[in-house]
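Open the model in a viewer and keep the selection tool at hand. The stops below each name something to select and say what is there.

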Amino acid sequence: MLSDSYGAQIVFLAALLIISGFFSMAETSMMSVNRYRLEALSERGDRGAIRTIKLLSQVDYLLGTILLGNNLANAAVATIVAKISLAIFGQKQFVLGMTTVFSAFVILVFAEIIPKVIGNRFANYIAVRISFFILLFFQLFFPIIYITRVISRTFLAIFDALTFFKGSSDNHVKTRGTEVGGELKVFLMEYSSLIVSEHRDMLLNLATLSEVTVEDLMVARRNIEDIDISQPIETIMKKVTTALHSRLPVYRGNYQEIIGVLPVKRILSLWPREPVTDEKIIELTQRASFVPRSNSALDQLRFFIETHERFAIVVDEYGEVLGILTADDIVDEIMGKLSANPMPLGQPVTWGKDNSVIVDGAVRLRELNRRLLLSFPLDGAKTLNGWILSQLKDLPEGDVSIRIGDVVVETIQVSDKYVRLARLRLISDDKKRCSVT
């Protein structure tokens with residue numbers, strides 16, 4: 001089938017290298033393409049993007065198609081090089097060995113490395129434009145591709161069965177939110193240089209929102225502004241008029257028996273024009289939503305959006321009230337702190353010139369980790385006070401220091417079974433990387 005002239009054979013050899021390089025480039029570009037961009041293009045009706053998504057939806061068929069074309073071309077290249085070498089140098093022992101080395105070198109450089117580098121660098125541009133040819137090749141050689149797929153799946157099924165009986169299966173159950181969050185994090189890290197840092201941080205916070213529980217973000221019971229309806233009306237109105245929040249939990253005597261949530265603006269719209277009574281407060285009180293502390297913040301945000309509510313009471317598995325969560329708390333987690341921080345004297349959560357910072361014991365560890373670039377463990381205590389008590393196993397009777405990694409935590413003010421103020425001091429001068437593990 002080949003021409004006897006060396007010129008024709010060399011042209012044919014070059015064509016085979018181009019075909020092999022095409023499939024190598026296709027493999028890399030298809031695997032590196034930005035799928036979020038593909039989805040956006042497909043929504044606009046881009047046919048190339050629609051074809052590419054269709055191919056990527058069946059990766060085993062896609063890889064089978066690409067590898068079939070690539071290996072056929074590589075095998076033909078090796079055959080042509082061997083034929084030319086034998087015709088030039090004759091039937092000598094070293095000829096086949098040198099032919100193998102030369103073929104491998106030519107294929108590696110011109111059909112693998114160069115095309116794959118190009119495919120990776122221009123993945124988004126190339127993938128949508130070569131999808132037509134990949135799909136055409138798939139349709140032409142479907143029987144062969146299908147047979148290779150059946151054989152490969154058979155061997156994979158045997159391997160999966162062996163790993164199952166060995167008890168080393170890697171199957172994990174994941175929620176849709178976790179999968180999307182993981183993909184978004186990978187995307188943001190890969191394209192971090194193209195995204196404004198503030199926007200990237202917000203998107204990363206959103207991507208990890210499914211891993212955060214409402215207990216991580218709630219305002220603890222002791223820090224809640226509330227109304228005890230059994231108190232005198234003068235005391236109640238003083239709390240209402242000085243409240244820093246727009247909604248206050250209402251209870252009678254025992255905080256575990258919450259009646260509901262009172263919108264402050266409703267009661268202020270009546271007072272002092274009308275007398276305020278306990279019955280009037282109860283009448284204006286809205287139903288309270290109770291959520292378990294293990295709920296993810298992402299699910300709770302969806303709930304707030306669907307119900308148009310902004311306030312929920314967090315309870316444990318026994319129904320005991322632990323704290324409250326508002327939509328603002330979740331927005332703070334995504335956007336950064338918008339509401340008032342529990343910091344003394346209005347101090348920002350940043351290291352001072354002496355490598356120290358004074359913080360309230362109610363500050364959440366997540367907030368400290370984010371603002372001070374620390375790594376307090378988040379699987380136990382949620383606040384600095386809780387972490388200190390968990391380390392000491394008791395309430396400190398005086399000022400004590402706990403050194404952990406590059407940070408020293410010093411208690412400054414302890415009262416009412418609670419560490420109210422603490423100082424964090426860096427031993428290392430590196431404020432960009434601090435270890436607290």
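The tour goes from the whole chain to two groups of strands, a helix and then the charged pairs.

**Before selecting anything**

This is a predicted model: local features need pLDDT of at least 70, side-chain atom pairs count only at pLDDT 80 or more, and totals for chains, interfaces and linings use all residues. Residues are numbered from 1 along each chain as its sequence is written, and side-chain values use heavy atoms, with hydrogens and water left out.

**Whole chain**

Show the protein chain as a cartoon: its secondary structure comes to 17 helices and 11 strands. Both are DSSP runs numbered from the N terminus, helices being H or I with at least four residues and strands E with at least two. Buried residues make up 38% of the 437 residues; buried means under 20% relative accessible area, exposed over 50%, and partly exposed in between, with a 1.4 Å probe and protein chains only. Switch to a surface, and the chain exposes about 25,600 Å², of which carbon and sulfur atoms supply 60%. Accessible areas come from the Shrake-Rupley method with a 1.4 Å probe, and for residues only the protein chains shown count as cover. Among contacts (heavy atoms within 4.5 Å) with a separation of 6 or more, residues 24 or more positions apart account for 57%.

**Strands 2, 3 and 4**

Select residues 227-228 and 247-252, which are strand 2 and strand 3. They pair in the parallel sense over 2 bridges; two strands pair if DSSP finds at least two bridges between them. Asp 228 has Tyr 251 of strand 3 as its bridge partner.

Add residues 254-263 for strand 4, which pairs with strand 3 in the antiparallel sense over 6 bridges. Here Tyr 251 has Ile 258 of strand 4 as its bridge partner. The hairpin of strand 3 and strand 4 has 1 residue between the strands, and Gly 253 takes a positive phi near 75°.

**The sheet of strands 8 to 11**

What is the strand order in this open sheet of 4 strands? The order is 8-11-10-9, and the pairing is antiparallel. Strand 8 and strand 9 (401-404) stand at the edges with a single partner strand each, so one side of each has no neighbour in the sheet. On average, neighbouring strands of the sheet are turned by 20° against each other, direction ignored.

Select residues 407-415 to pick out strand 10, which pairs with strand 11 in the antiparallel sense over 8 bridges. Gln 413 stands opposite Leu 421 in strand 11. Now show helix 17, which packs on the sheet and touches strand 8, strand 9, strand 10 and strand 11. The direction of helix 17 makes about 85° with that of strand 11; axes are lines fitted to C-alpha atoms, for helices over the stretch in contact, and angles run from 0 to 180 degrees between N-to-C directions.

**Helix 16**

Select residues 365-372. In this helix 6 of the 8 residues are buried, so helix 16 is largely enclosed by the rest of the structure. Buried here are Leu 365, Arg 366, Glu 367, Leu 368, Asn 369 and Leu 372. These residues pack against helix 10 (214-217), helix 15 (327-335), strand 8 (356-360), helix 17 (384-392) and strand 11 (418-426). Just after the helix, Leu 373 takes a positive phi of about 60°.

**Salt bridges**

The structure holds 12 salt bridges, each a side-chain nitrogen of Lys or Arg within 4 Å of a carboxyl oxygen of Asp or Glu.

Select Asp 60 and Arg 149, whose side chains meet in a salt bridge at 2.7 Å, N to O. The pair links distant parts of the chain, with Arg 149 in helix 7 (residues 142-165) and Asp 60 in helix 4 (residues 59-89), 89 residues apart. Arg 149 is buried at a relative accessible area of 18%, whereas Asp 60 is partly exposed at 30%.

Add Arg 153: Asp 60 forms a salt bridge with Arg 153 too, the closest N and O atoms being 2.8 Å apart. Asp 60 lies in helix 4 and Arg 153 in helix 7, so this pair ties together parts that are 93 residues apart in sequence. Arg 153 counts as partly exposed, at 46% relative accessibility.

Last, select Glu 215 and Arg 293, which meet in a salt bridge at 3.7 Å, N to O. Glu 215 is in helix 10 and Arg 293 in the loop between strand 5 (290-292) and helix 14 (297-307), 78 residues apart.
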